[in-house]
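Visitor: I am new to this structure and should like to be guided through it by question and answer. May we begin once it is on display?

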Amino acid sequence: MSTHSGGSHLIEIDTSAPIWDRFFTVAPLVLIGTTDPDGAPDLAPKHMVTPMGWQNYFGFVCTPAHSTCSNIQRSGEFTVSYPKPSQVLYSCLAASPRREVGDKPILDCFATFPAKKIEGQFIEEAYLYFECRHFKTIDGFGSNCLITGEIIAAYADSEVLRANEIDDQELIHSSPLFAYLAPGRFAAIDRSNAFPFPADMKK
Ligand SMILES: Cc1cc2nc3c(=O)[nH]c(=O)nc-3n(C[C@H](O)[C@H](O)[C@H](O)COP(=O)(O)O)c2cc1C
């Protein structure tokens with residue numbers, strides 16, 4: 001391994017405060033759908049999101065103060081909608097603050113449709129959807145927790161499903177992906193390259 005620069009171009013970042021606003025990282029962006037105690041649907045954008053391994057588990061980091069967290073604790077289920085780049089406004093408006101009475105009237109402007117196997121709503125026109133049964137919540141990441149769910153149903157726009165007869169590059173070009181560039185920027189990814197995997201690599 002080459003060490004010729006000796007790291008002289010590196011600046012140490014102060015870790016006595018959160019570091020995440022000091023640089024950009026690439027993240028997905030999803031809308032987590034839950035149901036408020038009065039039965040009203042709630043949708044909240046989340047970018048700290050990941051598959052939990054190679055099986056059908058999904059996780060995201062959430063602040064316990066958010067209704068999303070208490071709703072999942074109570075109902076034991078949540079939905080996930082992956083918006084298209086053209087839906088950036090949806091994703092941002094879903095983060096509108098709640099009124100003093102606790103509701104988010106902006107959500108009335110969202111076109112939604114119901115999940116099939118759980119109580120919950122998806123946003124219309126997204127490209128990928130999951131219905132999740134709450135699996136485990138792990139507390140203690142500072143003031144945040146990791147909420148995980150088992151994906152018990154999944155749906156995708158036919159345009160984004162990989163198929164033998166369509167080249168992956170062409171698929172991404174015709175249905176661009178939403179990338180959240182934390183903090184506070186986004187990009188539509190419509191060009192991509194095949195990843196150069198080592199020969200004989202195993203998962
Ligand atoms: C682009 C974007 C990404 C966000 N990502 C997260 C996240 O990963 N985790 C989180 O707890 N909050 C995140 N938030 C903030 C909340 O989702 C937001 O404050 C939401 O309104 C909480 O709603 P709720 O009280 O209905 O759950 C994000 C907000 C925006 C605008």
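Visitor: What percentage of the contacts in the protein chain with a separation of 6 or more comes from residues 24 or more positions apart?
Guide: This is a predicted model, in which local features need pLDDT of at least 70 and side-chain atom pairs count only at pLDDT 80 or more, while totals for chains, interfaces and linings use all residues. Residues are numbered from 1 along each chain as its sequence is written. Two residues are in contact if their C-beta atoms, placed from the backbone, lie within 7 Å. Among contacts with a separation of 6 or more, the share of residues 24 or more positions apart is 58%.

Visitor: How many helices and strands are there in the protein chain?
Guide: Both kinds of element are DSSP runs numbered from the N terminus: helices are H or I with at least four residues, and strands are E with at least two. The C-alpha atoms of the chain fill a box of roughly 60 × 50 × 30 Å along the principal axes. Within the protein chain there are three helices and twelve strands.

Visitor: In what order do the strands of the seven-stranded open sheet stand?
Guide: Strands pair if DSSP finds at least two bridges between them. The pairing in this sheet is antiparallel, and its edge strands, S3 and S4 (49-51), each pair on one side only. Neighbouring strands are turned by 30° against each other on average, direction ignored, with axes fitted as lines to C-alpha atoms (for helices over the stretch in contact) and angles running from 0 to 180 degrees between N-to-C directions. The order is S3-S2-S6-S9-S10-S5-S4.

Visitor: Which residue in S9 stands opposite Tyr 82?
Guide: S6 and S9 pair in the antiparallel sense, over six bridges. Opposite Tyr 82 stands a residue of S9, Leu 128.

Visitor: What arc do the buried residues of helix H1 cover around its axis?
Guide: A residue is buried if 20 or more other C-beta atoms lie within 10 Å of its own, exposed if 12 or fewer, and partly exposed in between, with C-beta atoms placed from the backbone. In H1 the buried residues are Thr 68, Cys 69, Asn 71 and Ile 72. They lie on the same side of H1 because the arc, taken from the directions from the helix axis to the C-beta atoms, is only 165°.

Visitor: Which strands do the buried residues of H1 pack against?
Guide: Just after H1, Gly 76 takes a positive phi of about 75°. The buried residues of the helix pack against S2 (30-35), S3, S5, S6 (77-82), S9 (128-141) and S10 (144-156).

Visitor: Which element gives the largest share of the shell around the ligand?
Guide: A residue is near a molecule or strand if its C-beta atom, placed from the backbone, lies within 6 Å of it. The ligand is surrounded by 16 residues, and the closest are Ala 44, Met 48, His 66, Thr 68 and Ala 95. Two or more residues each come from S3 (41-46), S5 (57-62) and H1 (67-75). The largest share, four residues, comes from S3.

Visitor: Is Glu 131 buried or exposed?
Guide: Glu 131 is found in strand S9. Its contacts, leaving aside neighbours within four places in sequence, include Thr 79, Ala 115 and Ile 152. Since 23 other C-beta atoms lie within 10 Å, Glu 131 is buried.

Visitor: Which residue in the turn between S11 and S12 has a positive phi?
Guide: S11 (residues 177-182) and S12 (residues 185-189) run antiparallel and are joined by five bridges. In the loop between S11 and S12 is Pro 183, and the peptide bond from Ala 182 to Pro 183 is cis, with omega near 5°. The hairpin has two residues between its strands, and a positive phi of about 85° belongs to Gly 184.

Visitor: Is Asp 200 buried or exposed?
Guide: Most residues other than glycine have a negative phi. Asp 200, in the segment after S12, has a positive phi of about 65° although it is not a glycine. With 5 C-beta neighbours inside 10 Å, Asp 200 counts as exposed.
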